[in-house]
Amino acid sequence: NEAAMDFELQAATHSVASPPRVFEDPASSMTLLDDTEILDPSPDTIVDDSFFMAFDNRGLANTYLEIGVMDRERIRYCVRCLKSYPLSLAHTGRTAFIHPQNFQPAMPKVLQDAISASSLYSNKNEMNEAMVWEIITTQVTQLTEPRPYWTVAEHLACVQAFVIFQIIRLFDGDIKQRSDAEQQEEILTSWTDSLAIRTSIASSSPSSIDRGWETWVFEEAIRRTILVSRTAQSMFAIQRQGFCTMVSAVTEIPFTAQRRLWAAPSATHSVKACKETRMFWVEKMDLADLIKEGNVDDLDEIAWLMLVTYKGGDGVNEWILRKGGS
């Protein structure tokens, strides 16, 4: 289908505090970053020769599978986007898929661990590196201990925390941490798939704020968590073999594209946002309505990620210009 044909895992991070404003020339560097951001990946953004060796061998892929591939520059920005989430969680207590409202009345311990790990990791250096990894390894071990039962809320928090840990360990560049993360990939896959199944989120209808802001935030967090988890899993696969086979798994998850709704700090703010803006419901990654009726200010991090992923840099550049952006 068209979505599958367009699918390329390509994305960029941008400031949490403000929507992305500019694309650079895709031929040199493609970014959704503010002008003040550093465009070249930092040394901590690990995309080494072994990463690209798999990319260069992607022709070995089974051509009968629905696969997703991307070029090297877009790999760098997708990694950078994923790597921004632990830092965002440490600095703001929220990410593109973790909303503070879901922590009420008390933050689950697994998310407390993820936040503390993110904070530790953001301050990692040569002197404390061994200690940081020991703490993170202990936290992951505790997180992955068998549970006889968990509620949907507990299930969601565990997936969110595990996504954060996987991003930290896979893309840091530490060989042992990367190996441990890849060995536990099946756990994340299982947890994510079971969360999608038990909530029937792939076949869910648009959530209404009228049912309650807390309910909307919870359901939207489930959708976004599954999207980010599967995008991260796709990156894991690309690192190993140069392609992924999760195009349909990502495509099937709907989400709401409206920056002001996800950013709303309270029910009052969300009601005001609903009156003043439009809620774009994206299903089967059909972005036509968003592209036609939406504006640059309507898009938050998830919307930008999916728009670039499915439409590519050139297509998004053209859309930004049509909407009066720069």
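**Close-up views of the predicted model**

**View 1. A cis peptide bond ahead of P105.** P105 is found in the loop between α3 (72–92) and α4 (109–122). The structure shown here and in the views that follow is a predicted model. The close-up is centred on the peptide bond that runs from Q104 to P105, which is cis, with omega near 0°. For orientation, the protein has 14 helices and two strands. Of its 326 residues, 54% are buried. Contacts between residues at least 6 apart in sequence join residues at least 24 apart in 73% of cases.

**View 2. Helix α6 against helix α8.** Two packed helices are described by the angle between their axes and the distance between the axes. For α6 (residues 152–172) and α8 (residues 185–199), the axes come within 10 Å and cross at roughly 145°. The crossing of α6 past α8 is left-handed. On the α6 side, the contact is made by V152, H155, L156, C158, V159, F162, V163 and Q166. On the α8 side, the contributing residues are E185, I187, L188, W191, T192, S194, L195, R198 and T199. Sorted by class, this contact of α6 with α8 has ten nonpolar residues, five polar and two charged.

**View 3. The ring pair of F162 and W191.** Five aromatic pairs are found in a search of the whole structure. One of them is formed by F162 and W191, whose ring centres are 5.3 Å apart. The planes of F162 and W191 make an angle of 55°, and the pair is classed as tilted. F162 belongs to helix α6 and W191 to helix α8, so that the pair links distant parts of the chain, 29 residues apart. F162 and W191 are buried. Ring pairs also bring in W150, which forms a cluster with F162 and W191.

**View 4. The ring pair of W304 and W319.** After the tilted pair of F162 and W191, this close-up turns to an edge-to-face pair made by W304 and W319. The distance from centre to centre is 6.2 Å, and the planes are 75° apart. W304 and W319 are both buried.

**View 5. An arginine over a tryptophan ring.** R224 lies over the face of W262. The distance of R224 from the centre of the W262 ring is 4.3 Å.

**View 6. V163 on helix α6.** V163 is found in helix α6 and takes part in the contact that α6 makes with α8. V163 counts as buried because its relative accessible area is 1%, under the 20% limit for that class. Apart from neighbours within four places in sequence, V163 is in contact with F97, L188, V228 and S229. A114 is 49 residues away from V163 along the chain, and the C-alpha atoms of V163 and A114 are separated by 9.3 Å.

**View 7. T225 and T215 on helix α9.** T225 lies in helix α9, and T215 is found in helix α9 as well. With a relative accessible area of 0%, T225 is buried. T215, in contrast, counts as partly exposed because its relative accessibility is 29%, which falls between the limits of 20% and 50%. When neighbours within four places in sequence are set aside, T225 is in contact with F97, L156, V159 and Q160. F97 is also among the contacts of V163. The C-alpha atoms of T225 and T95 are separated by 10.0 Å, with their positions 130 residues apart along the chain. T215 and Q101 are 114 residues apart in sequence, and their C-alpha atoms are 9.9 Å apart in space.

**View 8. Positive phi at S200 and K284.** S200 is not a glycine, yet its phi is positive, at about 50°. S200 is placed in the loop between α8 and α9 (213–241). A relative accessibility of 41% makes S200 partly exposed. K284, another residue other than glycine, has a positive phi near 55°. The loop that holds K284 runs between β2 (280–282) and α13 (288–293).

Methods. Residues are numbered from 1 along each chain as its sequence is written. This is a predicted model: local features need pLDDT of at least 70, side-chain atom pairs count only at pLDDT 80 or more; totals for chains, interfaces and linings use all residues. Side-chain values use heavy atoms; hydrogens and water are left out. Axes are lines fitted to C-alpha atoms, for helices over the stretch in contact, and angles run from 0 to 180 degrees between N-to-C directions. Helices (H or I, at least four residues) and strands (E, at least two) are DSSP runs, numbered from the N terminus. A crossing is left-handed if the near helix is turned anticlockwise from the far one by less than a right angle, and right-handed if clockwise. Contact means heavy atoms within 4.5 Å. Ala, Val, Leu, Ile, Met, Phe, Trp, Tyr, Cys and Pro count as nonpolar, Asp, Glu, Lys and Arg as charged, and the others, Gly among them, as polar. Rings of Phe, Tyr and Trp (its six-membered ring) pair if their centres lie within 6.5 Å; planes under 30 degrees apart count as stacked, over 60 as edge-to-face and the rest as tilted. Buried means under 20% relative accessible area, exposed over 50%, partly exposed in between (1.4 Å probe, protein chains only). A charge sits over a ring if NZ of Lys or CZ of Arg is within 6 Å of the ring centre and within 35 degrees of the ring normal.
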